[in-house]
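Dear colleague,

Please find below the structure that I am handing over to you. The notes after it set out what was found.

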Amino acid sequence: MTVSHDLPVRIAPSLLACDFSRIADEVRRVEEGGADWLHLDVMDGHFVPNISFGPPVVEAIHRVATIPLDVHIMIDRPLEYAEAFAKAGSDILTFHIEAKDDAGPTIEKIRGLGMKVGITINPGTAVDDIAPFLTEVDMVLVMSVWPGFGGQSFMPEVLDKIRQLRDVHGFARDIEIDGGIAPETIAQAAAAGANVFVAGTAIYGAPDVAVRISELRAEASAAYARS
Ligand code: DX5
Ligand code: ZN
């Protein structure tokens with residue numbers, strides 16, 4: 001197997017696993033530890049059976065963060081709320097193909113607001129469903145758990161979709177993977193062709209976040225070197 005891209009490894013800690021009572025410190029901790037992006041999980045209680053936070057919290061994080069905000073919106077109406085997330089300081093806005101709004105207008109809206117566009121698929125959704133949009137997006141996020149909660153087990157069966165994106169569709173931009181990423185699972189995701197790795201529990205649950213971020217990066221880079 002060969003990794004068919006030349007993209008950098010990006011480690012994106014998910015703030016969902018941090019201590020929300022001291023969020024500015026939690027941002028600083030992973031930035032100093034070498035994080036590339038901050039992954040913010042927005043949940044509306046409709047698209048997923050959980051509620052996390054919305055634009056005001058993204059805006060508060062934006063005031064203290066120095067690295068890009070990678071905002072993953074698990075919400076029914078991405079088109080309706082895109083502007084609020086732009087105003088809050090999102091750099092990349094990633095919406096679900098399974099949401100209620102049509103993908104075409106949603107992509108146009110996000111791009112028109114000056115953000116990068118990500119499109120994401122749940123474990124049960126095929127690459128074919130997003131194939132018409134691949135030339136229009138900056139990133140594809142392949143979910144490796146059913147969204148809604150941190151701390152779930154990695155689903156290796158989604159890796160075929162990453163290979164399909166790289167090898168069949170020739171998708172050469174960022175492919176992010178989200179859910180259950182840890183030192184034990186990151187290498188297989190990297191070997192399949194992912195280059196952006198979200199990790200919540202594995203980073204914020206580690207005794208030393210800087211050491212854990214370095215470990216994750218080293219495992220991913222070693223997987224590239226081997227393939
Ligand atoms: C799941 C979220 C993930 C989650 C990852 O709905 O999209 O970003 O927080 O958490 P871990 O790394 O703990 O699986
Ligand atoms: Zn996420």
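Aspartate 76 is buried, with a relative accessible area of 14%; buried means under 20% relative accessible area, exposed over 50% and partly exposed in between, with a 1.4 Å probe and protein chains only. Its partner in a salt bridge is lysine 100, at 3.4 Å from N to O. A salt bridge here is a side-chain nitrogen of Lys or Arg within 4 Å of a carboxyl oxygen of Asp or Glu. Lysine 100 lies in the loop between β4 (92-96) and α4 (103-112) and aspartate 76 in the loop between β3 (69-74) and α3 (78-87), so the pair ties together parts that are 24 residues apart in sequence. Unlike aspartate 76, which is buried, lysine 100 is exposed, with a relative accessible area of 54%. Helices (H or I, at least four residues) and strands (E, at least two) are DSSP runs, numbered from the N terminus.

Please note that this is a predicted model, in which local features need pLDDT of at least 70 and side-chain atom pairs count only at pLDDT 80 or more, while totals for chains, interfaces and linings use all residues. Residues are numbered from 1 along each chain as its sequence is written, chains are lettered from A and ligands numbered from 1 in the order in which they are written, and side-chain values use heavy atoms, with hydrogens and water left out.

Other salt bridges

The structure holds 13 salt bridges. One of them joins aspartate 174 to arginine 10, with the closest N and O atoms 3.5 Å apart. This pair links distant parts of the chain, with aspartate 174 in strand β7 and arginine 10 in strand β1 (residues 10-13), 164 residues apart. Aspartate 174 counts as buried, at 10% relative accessibility.

Another salt bridge is found between arginine 212 and glutamate 215, whose closest N and O atoms are 2.9 Å apart. Both residues lie in helix α8 (residues 209-226), three residues apart, about one turn of the helix. Glutamate 215 counts as partly exposed, at 33% relative accessibility. In addition, Arg22, Asp25, Glu26, Arg28 and Arg29 are joined into one network by salt bridges that share partners.

The zinc site

The zinc ion (ligand 2) has as its protein donors His39 (NE2), Asp41 (OD), His72 (ND1) and Asp178 (OD), which lie 2.0 to 2.3 Å from the ion. Donors are N, O and S atoms within 2.8 Å of the metal (3.2 Å for Na, K and Ca); water is not among the atoms, so sites may look incomplete. Six donor atoms surround the zinc ion at angles of 68 to 168 degrees, which makes the arrangement octahedral, a term that requires opposite donors over 155 degrees apart and all others between 65 and 115. Aspartate 41 lies in strand β2 (residues 38-43) and aspartate 178 in strand β7 (residues 174-178), so the pair ties together parts that are 137 residues apart in sequence. Aspartate 41 is buried at 5% relative accessible area, and aspartate 178 is buried at 8%.

Ligand 1

An oxygen atom of ligand 1 is 2.7 Å from an N or O atom in the side chain of aspartate 41. A polar backbone atom of glycine 200 also lies 2.7 Å from an oxygen atom of ligand 1. Taken alone, ligand 1 exposes 380 Å², of which the protein buries 98%; accessible areas come from the Shrake-Rupley method with a 1.4 Å probe, and for residues only the protein chains shown count as cover.

With kind regards

Terms used
Tetrahedral: all angles 85-135°; square planar, octahedral: opposite > 155°, others 65-115°. Polar contact = N/O pair within 3.5 Å; in protein donor to acceptor, adjacent residues only side chain to side chain.
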